[in-house]
Amino acid sequence: MNKKNRYYLLGGILLLAFAGFSFSSFKETLTPYVSYEQAREGDRMVQVAGALEKGSTSYKDVEESLYFTLHDPKTRETLRVRYKGLRPANFEEAISIVAIGRFDESAKQFEANKLLVKCPSKYQGAEVKEYG
Amino acid sequence: MNAILDSLSTLYLPGALPLWCALLFSLASIWGYSLVVRGDAASLGFARRSYDFFVLGIVLASVVLALLLLMRDYRIEYVHQYSGNDLPSHYQFAAFWAGQKGSFLIWLLWGALLGLLVKKTAGRAEPVVMGIYTLTLLGILFILVRENPFVMLKETPLDGQGLNPLLQDDWMVIHPPIMFVGYALSAIPFAFALAALWRREYDGWAARAFPWALAGFLVLGTAILMGGYWAYKSLGWGGYWGWDQVENASLIPWILGTVMIHGLYMERAKGRYRRVNYLLASLTYLSVLYGTFLTRSGVLADFSVHSFVDLGISGWLIAGMVSFLLLSAFLLATRWKQIPTAPNEDPFFSRGTFLVLSTISLTVSAVVIAVGTSAPLLTRFMENPGQVGPEFYNKVNMPIALLIALLLAAIPYLTWKGEEPREILRRMLWPGIFGAVLTVAAAVWQVRDVFHLLFVFLASLALATNLQKTVAKYRAGGLRMAGGYLSHVGVGVILLGFLASSAYDQSAKVTLEMGTPRKVEDATLTFTRFIERRGFEKESMEIEVVRDDGERFFVYPKLFMNDRTQQVMANPDIRTTPFQDFYVSPIDYDPGQPRIQLAKGEAGRIGDLDIRFVAFDLEADGNAMAQMAAGQQFTIGAQLAVTRGGQTSTITPLYRLDPVNGTVQTPPMALPGGGEIVVAGINAGTGAVQIEVLGARNPPKLSVDVTRKPLIQLVWFGLYIVLAGGVLATVQRLREMRVRDTLPAG
């Protein structure tokens, strides 16, 4: 094997290694959309979507956390969510909410660290805002 | 026939007719050029005039749409959707590109106008270049004819729906049109490359496409810079880059365009990369199409903060993308073997090898960003589709950035014929010392992560070696020779800014009560006053910031309700210092609750009163239980312990309900020391009362996100340097081209 081919081989190995690294990062950071039932298995970061259950919101100043219940219009299931952060503007008017986080087995609630709040808007159907 | 007439009657003809004519003329132009290609030289005039008329049609259609917007002609659906009576005039014009249809039109307008220049400068390749280029424009025109911006409503509404308040920002006037100039420019090197393949004339296209590729790089870079400013300075997204799909859709072509520039440079200088450049020109353009597809077909609607709604054009976009992909693939495959190549005999430590390695690294970066952006599509067929967040992009781009910084640092010392590694290291002495000093400084500051320290070292090394070379080039031949190296200095600066501002920012979300100072890290924040709306100036909040070192300043973030949509809009305010941005972004404003809800035994505060709910008094005016049972009007008292200025008194305001007609009476009760107290409501379920004090309020509360972004100025400053270097390089390439064109034909 001459010198040039050795460089190509080295380059190929590096590229393959990087591809492997990227793939594992991809799998690791991928947050899939799941049903509440799957979210309760709680072993990874997921996103759940649903509508806000009316009157379920409460804010606890001491822990600076927002509590609310999501419900899935299709399966009629509900999921209690805690979002550590400030209450997003227009939160009560949200037509749908995507919560990204993981299920906390001991507290029996979904711990969200990011919310996507879709508010009604006459414009392009709806306005999505990100929090977290 | 009737169907055609029906569709005619729903279109605004002064706008739709020019579009149709443009469609006919573009087809005529392509046909004319194809005749020329087949040897009928006499058709050249026809093809050129047809193209001119095509441009005229597009210009007319655009002018008509602009006028309709300025005249607020709500008969037109597009005007109705994106304009409104309350819209200030400069936004009325910006509404042109607020929606899908208008933004395709502005893209087409720029493309058509640029074509006039392409036509003049394409030389002998003109017929094929223009044929292919017009074909790319035809694709957009097809979409516009189908999704016509001149559709009329059956009745004329009195008001439009208004422009999305998020878009009502000065950047909206300038950022999108510049972005579309960049997209339009990407089609030009593509047309040159495919034409060269078609004609089997493999030399010469690179020189002609080079200035266009540089221009595309510059314009797209400027647009991305503006988008970053927009996100950071007015939208309050907290950062300049969020790895959102729409942002990535513009970044991928920019990275590939950068690779193409370097490829073209290699071809011009050494005759290398001749095959690869065809690929790069195609990929850059196809990535624009792919990004357009991702962000406009609605496939990402659930995932992106700002993607468009689906117009039902996905099929068209896919068809366009696939046909250009097939055309490129076919031409490349049939010509591949014929394209002359220079054998790769470069030693490892040579400019050629390092350039190849940098272009590979950049391409890999573009590919992983594209894969991340496509995650919702790629995982669509799995059980649960998902997406990847910023962590993915930051993580995978980190090693690439390290490698690129290393390559950039060495490049100024490398020649084409190769260099001894020891010699390179020797010449790196001063830049090395500079890098080491910065690295130590970073470690002293707060950088502890080994990779981050390595990152600081390599980025500052690249900055210094390229700066050294820029100065040397400037001394030798003037600044215009130093464009490339100057850009690389900028890259070093940007990398430092990226790391500091994204990995070492500190953010805290706090709620400030008006008048009460609150300490956040090394600063004390006080929400001092609420400033009412004045004319176009929206409501803002004044926050006084006092630093531990004594520095005192005010910030004025804005939080206001859009009158039309009742959406709460927020604009951050930033205090910029050379080393840090103090970024205050409002989240929520509570004007002060005049009411509090108290359960039995609970205490709360209204104004200067501490109120504790002791118990219900069911004997306040007869026996409430007996009255209730009899279905009569009943009265409940709320026994409250009210403390003001250390004095506690017990009072029992009343709540009277008539169950027959549901009327409620809540007589106000005078408070010792002034004011009146009222039981505003009773929650029978939880046994809580709502208490309201007339003439008193709780202090307003403002929730803000306070972020410190160290060295973020470097990001902007570095980008300016990169773009300035790009301008110098463009000027230089244009000069070279002119010099060659004036040479007598050999």
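Here is a quick tour of some helix packings, sheets and unusual backbone spots in this structure. Keep in mind that you're looking at a predicted model. Chain B gets most of the attention, with its 21 helices and 21 strands. One residue of chain A, Lys108(A), shows up too, thanks to a positive phi.

**Chain B as a whole**

- Chain B has 746 residues, and 45% of them are buried.
- Laid along the principal axes, the C-alpha atoms of chain B take up a box of roughly 115 × 80 × 50 Å.
- If you take the contacts in chain B with a separation of 6 or more, 69% of them link residues 24 or more positions apart.

**Helix pair H10 and H13 in chain B**

- For any two packed helices, the things to look at are the angle between the axes and the distance between them.
- H10(B) covers residues 245-270 and H13(B) covers residues 351-373; they pack at about 160°, and their axes are 9 Å apart.
- That angle makes the two helices, H10(B) and H13(B), roughly antiparallel.
- The crossing of H10(B) past H13(B) is left-handed.
- On the H10(B) side, the contact residues include Leu251(B), Ile252(B), Ile255(B), Leu256(B), Val259(B) and Met266(B).
- On the H13(B) side, you'll find Leu355(B), Leu362(B), Ala366(B), Ile369(B) and Ala370(B) among them.
- Don't picture a purely greasy seam, though: the contact of H10(B) with H13(B) has eleven nonpolar, eleven polar and one charged residues.

**Helix pair H15 and H19 in chain B**

- H15(B), residues 390-410, packs on H19(B), residues 483-503, at an angle of about 145°, with 11 Å between the axes.
- H15(B) also passes H19(B) in a left-handed crossing.
- From H15(B), the contact uses Ala401(B), Ala405(B) and Leu408(B).
- H19(B) answers with His488(B), Val491(B), Gly492(B) and Leu495(B).
- Sorted by class, the contact of H15(B) with H19(B) comes to five nonpolar and two polar residues, with no charged ones.

**The S2-S21-S10-S9 sheet in chain B**

- Strands in a sheet pair up through backbone hydrogen bonds, and they can do that in parallel or antiparallel fashion.
- Here, four strands of chain B form an open sheet in the order S2-S21-S10-S9, and the pairing is antiparallel.
- The edges are S2 (506-513) and S9 (573-577) of chain B, each of which pairs on one side only.
- On average, neighbouring strands of this sheet are turned by 20° against each other, direction ignored.
- S2(B) and S21(B) run antiparallel and are joined by eight bridges.
- To find that pairing on screen, look for Val510(B), whose bridge partner in S21(B) is Val704(B).

**The S11-S20-S19-S18 sheet in chain B**

- Another open sheet of four strands in chain B runs S11-S20-S19-S18, with antiparallel pairing.
- Its edge strands are S11 and S18 (669-670) of chain B, and each pairs on one side only.
- Four bridges hook S11(B), residues 595-598, to S20(B), residues 688-694, and these strands run antiparallel.
- S19(B), residues 676-683, is joined to S20(B) by seven bridges, again running antiparallel.
- Gln690(B) of S20(B) is a handy landmark: Gln597(B) stands opposite Gln690(B), and Gly681(B) has Gln690(B) as its bridge partner.
- At the S18 edge, two bridges join S18(B) to S19(B), which run antiparallel.
- There, Ala670(B) stands opposite Glu676(B) in S19(B).

**Positive phi without glycine**

- Most residues other than glycine have a negative phi, so exceptions deserve a look.
- Lys108(A) is one of these exceptions, with a positive phi of about 55°.
- You'll find Lys108(A) in the loop between S6 (96-104) and S7 (109-120) of chain A.
- Lys108(A) counts as exposed because it has 9 C-beta neighbours inside 10 Å.
- Leu711(B), not a glycine either, has a positive phi of about 55°.
- Leu711(B) sits in the loop between S21 (701-710) and H21 (713-741) of chain B.
- Leu711(B) has 20 C-beta neighbours inside 10 Å, so it counts as buried.

Technical notes
Residues numbered from 1 in each chain as written. Chains lettered and ligands numbered in written order. Predicted model: local features only at pLDDT ≥ 70, side-chain atom pairs only at ≥ 80, totals over all residues. Axes fitted to C-alpha atoms, helices over the stretch in contact; angles between N-to-C directions. Parallel < 35°, antiparallel > 145°, perpendicular 65-115°, else oblique. Left-handed = near helix turned anticlockwise from the far one by under 90°. Contact = placed C-beta atoms within 7 Å. Nonpolar A, V, L, I, M, F, W, Y, C, P; charged D, E, K, R; others polar. Buried ≥ 20, exposed ≤ 12 C-beta atoms within 10 Å, placed from the backbone. Pairing = 2+ DSSP bridges.
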